[in-house]
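Student: I have a model open and would like to understand how its interior is packed. Could we go through it together?

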Amino acid sequence: MLATPADRRAASMALPPLRGEDEAAIDAWLDAAWAERGLARQTLDSYRRDLVLLARWLDGRAGGVGGATRADLLDYLAWRARQGYTARSNARLLSALRAFYRYQAARGARADDPTALLEAPKQGRPLPKALTERQVEALLSAPDLSTPEGLRDRAMLELMYACGLRVSELVGLAANGVNLRQGALRVTGKGSRERLVPLGEEAQHWLQRYLAEARPLLAGRGGAQVAGTEPLFLGAGRVALSRQAFWATVKRCAAIAGLDPARVSPHGLRHSFATHLLNHGADLRALQMLLGHSSLSTTQIYTLVAREQLKRLHARHHPRG
């Protein structure tokens, strides 16, 4: 029987603490990765967790994380399999390990790369779960507009759906990233890459209302204007609303809208944005730019979504379906 998430946490907590030499090696690589490749903070944090867990599992064997052999890594992957780690999680781990050991070899810390013959686990390609246009309308209408928080939530939901933002991009928006006169949004995505996204009339309307009516109250500064690099969307304590808080907002609004909260997420709104655009004839290259995908192959998964919807439509309405 596969281990549960609670079992994995318990197994992780039972491992020895991180050794100082391992921590130094991991930190040095992460600093180099940030400087040379401009990796996003979330990616660096994920890589750190992956390497720290490996280092704790090794506990100094084979010279620690920097000296691990291919056999050590295979044993570690077998341990992770017993703990029930997913193929996606292990693929991310291997990505971190390959970059880490290439760095060690390049600077002469070791002569070989123990990941050279390791194969990434096969991953399924689940289709993104998009809401229907009617479900999106219900979700967007759920916030209580009589409160500053409700008006903020409506503006955030409208913005996420209108622009296809990642949740980290949404909560990280700065005031100077919005140009209401031109109806455009400057978004900083993965790898610190910037892109311009059109707002759309509805999103622009709700954003204007939020800025005029709600944000001054949330900021506690009367009618002061928001400017510069200040957070656009504020939570408690006049600081940027957190990803976790917005996640809870989406779940709450889903329940109010009569949707199953377990099937609705912030990322689901991004999927809905992409799917609905494609269904209405959007060009795949344009969609790639709007989503901020570095590779078109990432965007092409939405063509599979559209194809599945066409199959269902045919089966439901065609006399020979």
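Student: Which residues touch the most other members of the largest nonpolar core?

Tutor: Happy to help, and note that this is a predicted model. The largest nonpolar core holds 46 residues. Its contributors of at least two residues each include α7 (148–163), β2 (184–188) and α10 (243–256). The members that touch the most others are Leu-159, Leu-170, Leu-185, Phe-233 and Phe-246.

Student: What does Phe-233 touch, leaving out residues up to four places away in sequence?

Tutor: Contact here means heavy atoms within 4.5 Å. Among the residues that Phe-233 reaches are Arg-152, Tyr-210 and Val-239. Two other residues that touch the most core members are also on its list, namely Leu-159 and Leu-170.

Student: How many residues are in the second, separate core?

Tutor: Nonpolar side chains tend to be buried together in soluble globular proteins. Here a second core, separate from the other, includes Trp-29, Leu-44, Tyr-47 and Leu-73. Its residue count is 30.

Student: How are helices α2 and α3 oriented, roughly parallel or roughly antiparallel?

Tutor: The axes of α2 (residues 20–37) and α3 (residues 41–58) come within 10 Å and cross at roughly 155°. Angles over 145 degrees count as roughly antiparallel. Therefore α2 and α3 are roughly antiparallel.

Student: Which residues of α3 make the contact with α2?

Tutor: The helices pass in a right-handed crossing. On the α2 side, the contact includes Ile-26, Trp-29 and Ala-33. From α3 come Leu-44, Tyr-47, Arg-48, Leu-51, Val-52 and Ala-55.

Methods: Residues numbered from 1 in each chain as written. Predicted model: local features only at pLDDT ≥ 70, side-chain atom pairs only at ≥ 80, totals over all residues. Heavy atoms only, no water. Core = buried A, V, L, I, M, F, W, Y, C linked by side-chain atoms within 4.5 Å. Buried < 20%, exposed > 50% of the residue type's maximum accessible area, 1.4 Å probe, protein only. Helix = DSSP H or I, 4+ residues; strand = E, 2+ residues; numbered from the N terminus. Axes fitted to C-alpha atoms, helices over the stretch in contact; angles between N-to-C directions. Parallel < 35°, antiparallel > 145°, perpendicular 65-115°, else oblique. Left-handed = near helix turned anticlockwise from the far one by under 90°.
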